Amino acid sequence: MCLGASAGGVQALKDFFGHVPANSGIAYVVILHLSPDYDSQLTAELQAVCALAVSKATEKVQVEPDYAYMVPPNGSLK
């Protein structure tokens, strides 16, 4: 499942992920509309409220269920 939001949607994402069970069987990809120069702390903020493993997608990975992947603002992956 892919979720997108502007910077104003961070609280909504935190509310959503606060209710996702650890064994949902779903992989989540989150994209925020931010400046490429902005140092987002969303990965840490979501990990604090989320039962899933949350990671910043800095390189190409095999998407696995029960994980949340944060795409960096510049959207480029190695």
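**Exercise 1. Find what share of the contacts with a separation of 6 or more joins residues 24 or more positions apart.**

Step 1. Take a contact as heavy atoms within 4.5 Å. Step 2. Keep the contacts in the protein with a separation of 6 or more; residues 24 or more positions apart account for 60% of them.

Some ground rules follow. This is a predicted model: local features need pLDDT of at least 70, side-chain atom pairs count only at pLDDT 80 or more, and totals for chains, interfaces and linings use all residues. Residues are numbered from 1 along each chain as its sequence is written, and side-chain values use heavy atoms, with hydrogens and water left out.

**Exercise 2. Assign the secondary structure and give its order along the sequence.**

Step 1. Use DSSP runs, numbered from the N terminus: helices are H or I with at least four residues, strands are E with at least two. Step 2. The assignment comes to two helices and four strands. Step 3. Along the sequence they read β-α-β-α-β-β.

**Exercise 3. Determine how much of the protein is buried and what its exposed surface consists of.**

Step 1. Set the classes: buried is under 20% relative accessible area, exposed is over 50%, and partly exposed is in between (1.4 Å probe, protein chains only). Step 2. Of the 78 residues, 31% count as buried. Step 3. Compute accessible areas by the Shrake-Rupley method with a 1.4 Å probe; for residues, only the protein chains shown count as cover. The protein exposes about 4800 Å². Carbon and sulfur atoms supply 55% of that area.

**Exercise 4. Describe the largest nonpolar core.**

Step 1. Collect buried Ala, Val, Leu, Ile, Met, Phe, Trp, Tyr and Cys residues joined through side-chain atoms within 4.5 Å. Step 2. The largest such core has 17 residues; Leu13, Phe17 and Leu42 touch the most other members. Step 3. Strand 1 (2–6), helix 1, strand 2 (28–33), helix 2 and strand 4 (67–71) each give two or more residues to this core. Step 4. Inspect Leu42. Leaving aside residues up to four places away in sequence, Leu42 touches Val10, Leu13, Val30, Leu32 and Met70. For context, nonpolar side chains in soluble globular proteins tend to be buried together.

**Exercise 5. Locate the salt bridge and say what it ties together.**

Step 1. Search for a side-chain nitrogen of Lys or Arg within 4 Å of a carboxyl oxygen of Asp or Glu. The whole structure yields one salt bridge. Step 2. The partners are Lys14 and Glu45, with their closest N and O atoms 3.7 Å apart. Step 3. Lys14 lies in helix 1 (residues 10–17) and Glu45 in helix 2 (residues 42–49), so the pair ties together parts 31 residues apart in sequence. Step 4. Check exposure. Lys14 is partly exposed at 22%, and Glu45 is partly exposed at 32%.

**Exercise 6. Classify the aromatic pairs Phe16–Tyr28 and Tyr67–Tyr69.**

Step 1. Pair rings of Phe, Tyr and Trp (its six-membered ring) with centres within 6.5 Å; planes under 30 degrees apart are stacked, over 60 edge-to-face, the rest tilted. The search finds four pairs. Step 2. Phe16 and Tyr28 have ring centres 6.0 Å apart and planes at 70°, so this pair is edge-to-face. The pair links helix 1 to strand 2, with its residues twelve apart. Phe16 is partly exposed at 33%; Tyr28 is buried at 4%. Step 3. Tyr67 and Tyr69 are stacked, at 6.0 Å centre to centre and 20° between planes. Step 4. Phe16, Phe17 and Tyr28 form one aromatic cluster.
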